[in-house]
Amino acid sequence: MTPTPILAKEETLDPSFVPPRLVRRDEEFAVLGRRYREALPKGLAYHLLLTGGIGSGKTALARRFSAEIERAGRLGEFPVKTTYINCWRRASDRTVMLDLLRSVDVSLPDRGYSLSEMLDVYEQGIRRHPAHRLVVLDEASALVRQGTKLVYLLTRSREVELGAISLMLIAAEDLLPYLDAASRSSFGVTHRLALAPYDRAALTEILESRASLALRRGSFDRDVLEQIARIAAPNGDARFALEILANAARAADDAGAESITAEHVRRAKGSILPTVTEAQLEALSTNELGVLLALARTLKGKGSSVASQRLRANHAALLEELGASAMSRTTFWRTLKELERDGLVTLEAGATGESSLVAADEMPASFLATLLEERIGQAPGGKG
Ligand SMILES: Nc1ncnc2c1ncn2[C@@H]1O[C@H](COP(=O)(O)OP(=O)(O)O)[C@@H](O)[C@H]1O
Ligand SMILES: [Mg+2]
């Protein structure tokens with residue numbers, strides 16, 4: 001007889017699972033409810049920019065909230081319908097637009113129409129199924145950074161007589177600097193919501209609520225949840241916390257244990273890299289990739305940080321090895337600053353005037369180097 005595994009309902013810990021209840025987000029939920037209820041019944045659009053660090057619950061909040069608002073039925077004259085699009089891998093206006101069209105049952109060939117023609121067709125589609133449309137563009141950074149026209153078009157879209165289009169943009173960073181002035185005006189202070197990172201207590205509560213959904217009863221105790229919360233607290237990242245929980249449960253199952261212990265948690269932690277880096281690595285520019293790889297290789301040797309001058313020399317050598325053209329001092333600095341802003345490196349004033357100390361503590365440097373080499377498509381040691 002096989003006993004019930006500890007990880008009894010694995011799917012409820014999957015990042016795509018929308019939990020039935022969000023803990024510690026009541027206030028944000030209420031704020032959103034008020035704002036949408038003010039605008040939508042009058043037939044007005046309400047646009048929102050939702051920001052917060054990785055794992056701060058942006059996607060969960062948006063999905064939970066749009067489900068609630070749809071379930072609440074009509075706001076004023078029209079029902080509310082949500083179209084959720086993750087823009088991560090569809091970072092172009094046209095591909096997003098094609099998804100929008102599909103949501104009103106129109107499929108167009110992806111060539112031969114301009115973006116604003118496509119928008120017209122979309123609006124016609126809405127007229128056929130009159131509804132207030134909440135368009136949620138998740139992970140919208142790349143789309144917006146490359147100068148999207150779609151945000152402008154959607155926020156300017158005339159009321160389509162049969163409801164309006166409300167746009168919700170979700171990103172880890174503030175997107176306003178990348179928007180044109182006209183679009184920016186749609187995201188004034190009452191059109192922004194920033195989610196603070198979760199603190200330890202909040203993470204413990206989240207872990208508790210999710211563990212009781214996913215794990216066999218009696219297979220975990222509060223100590224273990226608090227241990228995981230402590231590990232994840234520096235980033236306030238609930239995704240990381242839940243990943244550790246799932247892996248710890250798996251480790252316990254593999255060992256045939258009755259319950260999850262601190263040792264399972266430690267093992268689980270060692271096997272995962274914080275998602276803060278994993279997700280960000282995918283978003284790196286070529287410049288950033290190169291500088292970060294030079295840093296990882298330098299730190300792999302020894303030391304917890306390196307002087308920026310030495311890093312620059314090592315980076316120059318790496319570019320040569322890759323057959324890439326040299327990088328100016330200014331670009332090098334700008335790239336370092338970008339990496340700092342993304343939370344991938346830390347810069348500290350060094351002892352000697354101009355030089356700074358550069359560090360990357362997020363994960364073992366050897367591991368980081370391997371990941372980056374895979375992305376660059378280059379084997380270590382300069383072969384090929
Ligand atoms: N308040 C919460 N209560 C329960 N689970 C949460 C809460 N906030 C986040 N989560 C869970 O944590 C994980 C990360 O949240 P997510 O919404 O994907 O973060 P983000 O989109 O900001 O990166 C998801 O599995 C999500 O379901
Ligand atoms: Mg998300």
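In this predicted model, an open sheet of three strands follows the order 7-9-8, and its pairing is antiparallel. Strand 7 (306-307) and strand 8 (346-349) stand at the edges with a single partner strand each, so one side of each has no neighbour in the sheet. Strand 7 is joined to strand 9 (residues 356-359) by two bridges, and the two run antiparallel. In that pairing, Val306 faces Val358 of strand 9.

A second open sheet has six strands, in the order 2-3-4-5-1-6, and here the pairing is mixed. Its edges are formed by strand 2 (74-75) and strand 6, each of which pairs on one side only. Strand 1 (residues 48-52) and strand 6 run parallel and are connected by four bridges. Across this pair, Leu49 sits opposite Arg192 of strand 6.

Just ahead of strand 6 there is a loop worth a look. Val189 belongs to the loop that links helix 7 (181-184) with strand 6 (192-195). Is Val189 buried or exposed? With 5 other C-beta atoms within 10 Å, Val189 is exposed, since a residue counts as exposed when that number is 12 or fewer. Between Val189 and Lys337 there are 27 Å in space, C-alpha to C-alpha, and a sequence separation of 148 residues.

Turning to the overall fold, the protein contains 16 helices and nine strands. Its C-alpha atoms fill a box of roughly 65 × 60 × 40 Å along the principal axes. Of its 384 residues, 39% count as buried. Among contacts with a separation of 6 or more, 74% come from residues 24 or more positions apart. The domain assignment divides the protein into domain 1 (10-14 + 199-273), domain 2 (26-195) and domain 3 (284-382). Domain 1 is thus given as two segments, 10-14 and 199-273. The C-alpha centres of domain 2 and domain 3 are 37 Å apart.

Helix 11 (residues 262-271) shows how burial is arranged around a helix axis. Its buried residues are His264, Val265 and Ala268. Viewed down the axis of helix 11, these buried residues fall within an arc of 100°, so they line one face of the helix. An α-helix has 3.6 residues a turn, so residues three or four places apart point the same way. On the other side of helix 11, Ala262 and Gly270 are exposed. What do the buried residues of helix 11 pack against? Their packing partners are helix 9 (222-232) and helix 10 (238-254).

Helix 10 also takes part in the surroundings of ligand 1. Ligand 1 is surrounded by 20 residues, the closest being Gly57, Lys58, Thr59, Ala60 and Ala238. At least two residues of this shell are supplied by each of helix 2 (58-71), helix 8 (200-214) and helix 10. How do the residues of the shell divide into nonpolar, polar and charged? The shell around ligand 1 is made up of nine nonpolar, six polar and five charged residues. Domain 1 and domain 2 each contribute at least three residues to the shell, and ligand 1 thereby has residues from both of these domains around it.

Note on methods. Residues numbered from 1 in each chain as written. Chains lettered and ligands numbered in written order. Predicted model: local features only at pLDDT ≥ 70, side-chain atom pairs only at ≥ 80, totals over all residues. Domains from an automatic or database assignment. Pairing = 2+ DSSP bridges. Buried ≥ 20, exposed ≤ 12 C-beta atoms within 10 Å, placed from the backbone. Arc of directions from axis to C-beta. Contact = placed C-beta atoms within 7 Å. Near = placed C-beta within 6 Å. Nonpolar A, V, L, I, M, F, W, Y, C, P; charged D, E, K, R; others polar.
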